[in-house]
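Subject: Structure handover

Hi,

Here is the structure I promised to pass on. My notes on it follow below.

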Amino acid sequence: MNAYTQRAGFLAAMAIAACSPGSERPGTDAAGQDTAASPESRRMASATATLRDASGRELGTLTLTESGSGIAVAGRLQGLAPGEHGLHLHQTGRCEPAFSAAGSHWNPTDRQHGSANPQGPHAGDLPNVTIGSDSAGSVEGTTAAGSLFGELPLLDADGAAVIVHAGRDDYSSQPSGNAGDPVACGVIEAAGADPADSLR
């Protein structure tokens with residue numbers, strides 16, 4: 001067998017191996033499709049929101065992750081007045097020129113506000129955050145519905161934001177639990193996925 005025949009045989013064997021089952025490239029499925037940016041992989045991504053007050057002072061960062069039939073929100077905030085504060089996800093990913101740019105509560109299931117309301121809650125309603133005498137407190141809550149990117153996506157074409165209010169949410173009054181004015185806002189940004197996904 002001459003060198004030319006040997007080379008041709010080697011190349012043919014490589015081509016067959018590349019087409020064999022189980023030989024797909026990393027990040028692709030058996031059909032050669034890119035899985036890294038698939039809807040399912042985006043659903044597993046997390047998101048973050050860095051909250052700031054009206055002066056632009058940073059108050060902390062919250063992390064949002066998929067959790068069963070809702071979205072878990074966790075983190076720690078500081079620099080807020082002691083007491084209970086309403087905490088909500090809002091439907092638009094904007095905090096400027098004023099916090100009102102974030103729009104209404106995220107409400108893809110068309111419910112009324114409040115976990116104590118038989119017709120509620122909004123998907124964006126979260127438990128109050130309690131701020132201690134040191135002006136700091138932990139956030140831990142899960143939305144009643146929705147996901148980051150899958151069914152009832154929070155991160156849709158216009159994004160979403162987190163708002164902290166001056167007072168406590170009573171979990172029943174319309175449209176926002178009589179929680180007072182917004183005192184902090186943070187745009188929610190996708191992490192672990194193409195940031196452009198949050199704008200699609």
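Read from the start of the sequence, the order of elements is α-α-β-β-β-β-β-β-β-β. That gives 2 helices and 8 strands. Please keep in mind that this is a predicted model. Of the 200 residues in the protein, 36% are buried. Take the contacts with a separation of 6 or more: 61% of them link residues 24 or more positions apart. The exposed surface comes to about 10700 Å². Carbon and sulfur atoms supply 53% of that surface.

**His88**

Start with His88, in strand E4, residues 83-90. Is His88 buried or exposed? Its relative accessibility is 0%, so His88 counts as buried. The side chain of His88 makes a polar contact with the side chain of His165, at 3.1 Å. Leaving aside neighbours within four places in sequence, His88 is also in contact with other residues, including His105, His113, Asp125 and Asp169. Gly124, Leu126, Ala161, Val162, Ile163, Ser176 and Ala179 are among its contacts too.

**Backbone points to check**

Two peptide bonds are cis. One runs from Glu96 to Pro97, with omega near 10°. The other runs from Gly120 to Pro121, with omega near 0°. Pro97 sits in the loop between E4 and strand E5, residues 125-131. Pro121 is in the loop between E4 and E5 as well.

Two residues that are not glycine have a positive phi. For Leu152, phi is about 50°. Leu152 belongs to the loop between strand E6 (136-142) and strand E7 (161-165). Its relative accessible area is 30%, so Leu152 is partly exposed. For Tyr171, phi is about 65°. Tyr171 belongs to the loop between E7 and strand E8, residues 182-191. Tyr171 counts as partly exposed because its relative accessibility is 24%.

**Where the loops meet**

Which residue, 62 residues away along the chain, has its C-alpha atom 7.3 Å from that of Gln112? It is Gln174. Gln112 lies in the loop between E4 and E5. With a relative accessible area of 37%, Gln112 is partly exposed. Beyond four places in sequence, Gln112 is in contact with Gln174 and Asp125. The rest of that list is Asn117, Gln119, Gly120, Pro121 and His122. Pro121 is thus a contact of Gln112 and one end of a cis peptide bond.

Ser172 comes from the loop between E7 and E8. Its relative accessibility is 34%, so Ser172 counts as partly exposed. From Ser172 to Pro121 the C-alpha distance is 8.6 Å, with their positions 51 residues apart in sequence. Not counting residues up to four places away, Ser172 touches His113, Gly114, Ala116 and Asn117. His113 is also a contact of His88, and Asn117 is also a contact of Gln112.

**Asp53**

Asp53 is in the loop between E1 and strand E2, residues 58-67. What is the burial state of Asp53, given 14% relative accessibility? The cut-off for buried is under 20%, so Asp53 counts as buried at 14%. A polar atom of the Asp53 side chain lies 2.9 Å from the backbone nitrogen of Arg57. Asp53 and Phe99 are 46 residues apart in sequence, and their C-alpha atoms are 9.3 Å apart. Phe99 is in contact with Asp53. So are Leu59, Val183 and Ala184, again leaving aside neighbours within four places in sequence.

**The largest pocket**

For your pocket work, the largest pocket has a volume of about 290 Å³. Strand E1 (46-52) and E8 are the elements that give two or more residues to its lining. The lining has 17 residues. Which of them lie nearest the centre of the pocket? They are Thr50, Arg52, Cys95, Glu96 and Cys185. By class, the lining has 8 nonpolar, 5 polar and 4 charged residues. Glu96 also takes part in the cis bond to Pro97.

Best wishes

How values were computed. Residues numbered from 1 in each chain as written. Predicted model: local features only at pLDDT ≥ 70, side-chain atom pairs only at ≥ 80, totals over all residues. Heavy atoms only, no water. Helix = DSSP H or I, 4+ residues; strand = E, 2+ residues; numbered from the N terminus. Buried < 20%, exposed > 50% of the residue type's maximum accessible area, 1.4 Å probe, protein only. Polar contact = N/O pair within 3.5 Å; in protein donor to acceptor, adjacent residues only side chain to side chain. Contact = heavy atoms within 4.5 Å. Areas by Shrake-Rupley, 256 points an atom, 1.4 Å probe, with all protein chains shown as cover. 1 Å grid on protein atoms, 1.4 Å probe; cavity = no way out; pocket = protein on both sides within 12 Å on 5 of 7 lines; lining within 4 Å. Points joined across faces, edges and corners; volume = space filled by probe spheres on them. Nonpolar A, V, L, I, M, F, W, Y, C, P; charged D, E, K, R; others polar.
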